[in-house]
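Let's take a walk through this model, starting from the inside and working out to the sheets and a couple of exposed spots. Have the viewer open as you read.

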Amino acid sequence: MRIRTGLAGIGVVTVVLAGGVAVAPGALAADGDTPAAASLSASSEGFSPNGDGKEDTLTFSYEIPESGVVVLEFLNAKGAVIGQKTVSDERGSLLGLPLTAEPAGEGTFVWDGTLDDGLPVSGNQDITARLSVLETNSLLNCLGSTLGDVLGGGTDGGTLDLSNPDLECADQVESGDVPVEVVTKAPGLTLRTSLGTVFPVRDGYRDSVSLSAKATKAASTSFTLTRANGDVLRRWSGGETSWKALWDGTDSAGKTLLPGTYRLTGTALGEYGNKATRKTLSVRVSGKQFEMRDGEWRLVTSAS
Ligand SMILES: [Ca+2]
């Protein structure tokens, strides 16, 4: 079994492990008690691992100070570990286990949202990624031929249990936490109007209505007012999570619409390539005129 290690000042050293565990002397040289930190960053603030072909993966870039077994740990919003992913382009083997020691320096890993153990990430959730590195040399030094037992899991599908106390003898380096937003569902969108009918005759009686929307996990929102036949009369753009407009029954040119029923359509574009959500609401325009008499709004008849 060969593990490629890159040691500063020594170059690439090949460590040969067999029944008798022969290790190149250089690789045994401990190089200090406080290893440099690992770094981790993500290509995006989030992704949508839902198999629709759009932003289904997230690319992590990392840098590790020394060769080691590299694992990404994922934590939920409460800080509990929900799973881990072994970083390896192709599953090589370390003492017969599906683990690969990555060389020191920079590397990238494309994550598709799956985990070595546990369920793949799904739904909408905010998680945190952290890189852990068990440095190869210290791992070999402290565990030697018992490494296979410690890592467990046999030759197929074994995973590295970072919480295993036997691993504490190895130098473990962690990166800082990187927040990752997982959004695999289309946005939520709710459209509302304060009144179903606007009375745009300027008499003070319900001359305008409030139109509003709330959205979740949307990249942006937009709204159109159309006739029943689809002709667009007016457009608004909203924020990512909310929109509010006071509408006085006019079109984009400021012209009061004829009495009738119109349609307000809201569109919330999905985050990370998710499909859009569209909702519609009917709003009516009335030509009626009112006046305040004896403390009450009263309809002005056409005869008056
Ligand atoms: Ca997707």
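Start with the largest nonpolar core, which has 31 residues. A nonpolar core here is a set of buried Ala, Val, Leu, Ile, Met, Phe, Trp, Tyr and Cys residues joined through C-beta atoms within 7 Å. Buried means that 20 or more other C-beta atoms lie within 10 Å of a residue's own, exposed means 12 or fewer, and partly exposed is in between, with C-beta atoms placed from the backbone. The residues with the most contacts inside this core are Ala38, Phe60, Ile64, Val70, Leu72, Leu131 and Val133. Two or more core residues come from each of strand E5 (58–64), strand E6 (68–75), strand E9 (105–111), strand E10 (124–135), helix H2 (136–143) and strand E12 (178–183). E6 gives the most, with 5 residues. These elements are DSSP runs numbered from the N terminus: helices are H or I with at least four residues, strands are E with at least two.

Before going on, two notes on the ground rules. This is a predicted model, in which local features need pLDDT of at least 70 and side-chain atom pairs count only at pLDDT 80 or more, while totals for chains, interfaces and linings use all residues. Residues are numbered from 1 along each chain as its sequence is written.

Back to the core: what does Val133 touch, leaving aside its neighbours within four places in sequence? Its contacts (C-beta atoms, placed from the backbone, within 7 Å) are Ala38, Ile64, Gly68, Val70, Gln172 and Val173. Apart from this core lies another one of 15 residues, including Val198, Leu211, Ala213 and Ala268.

Zooming out, the chain has 3 helices and 22 strands. Of its 304 residues, 29% count as buried. Among contacts between residues at least 6 apart in sequence, 67% join residues at least 24 apart.

Now for the sheets. Strands of a sheet pair through backbone hydrogen bonds, either parallel or antiparallel; the criterion used here is that DSSP finds at least two bridges between two strands. One open sheet of 3 strands runs in the order E13-E15-E18, with antiparallel pairing. Its edge strands are E13 (188–193) and E18 (242–247), each pairing on one side only. E15 (209–216) is joined to E18 by 6 bridges, and Ser212 stands opposite Lys244 in E18.

Another open sheet has 5 strands in the order E14-E20-E19-E16-E17, and its pairing is mixed. E14 (197–198) and E17 (232–238) each have a single partner strand, so one side of each is left without a neighbour in the sheet. Further in, E16 (218–226) and E19 (260–270) pair antiparallel over 8 bridges, with Thr226 opposite Arg263 in E19.

Arg263 turns up again if you look at Ser282, which sits in E20 (277–285). Ser282 has 12 other C-beta atoms within 10 Å, so this residue is exposed. Leaving aside neighbours within four places in sequence, Ser282 is in contact with Thr261 and Arg263. Ser282 and Arg263 are 19 residues apart in sequence but 4.6 Å apart, C-alpha to C-alpha.

For another exposed spot, try Gly254 in the loop between E18 and E19. Gly254 counts as exposed because there are 8 C-beta neighbours inside 10 Å.

Finally, E21 and E22 form a hairpin with 2 residues between them, and Asp294 in the turn has a positive phi of about 50 degrees.

Methods
Two residues are in contact if their C-beta atoms, placed from the backbone, lie within 7 Å.
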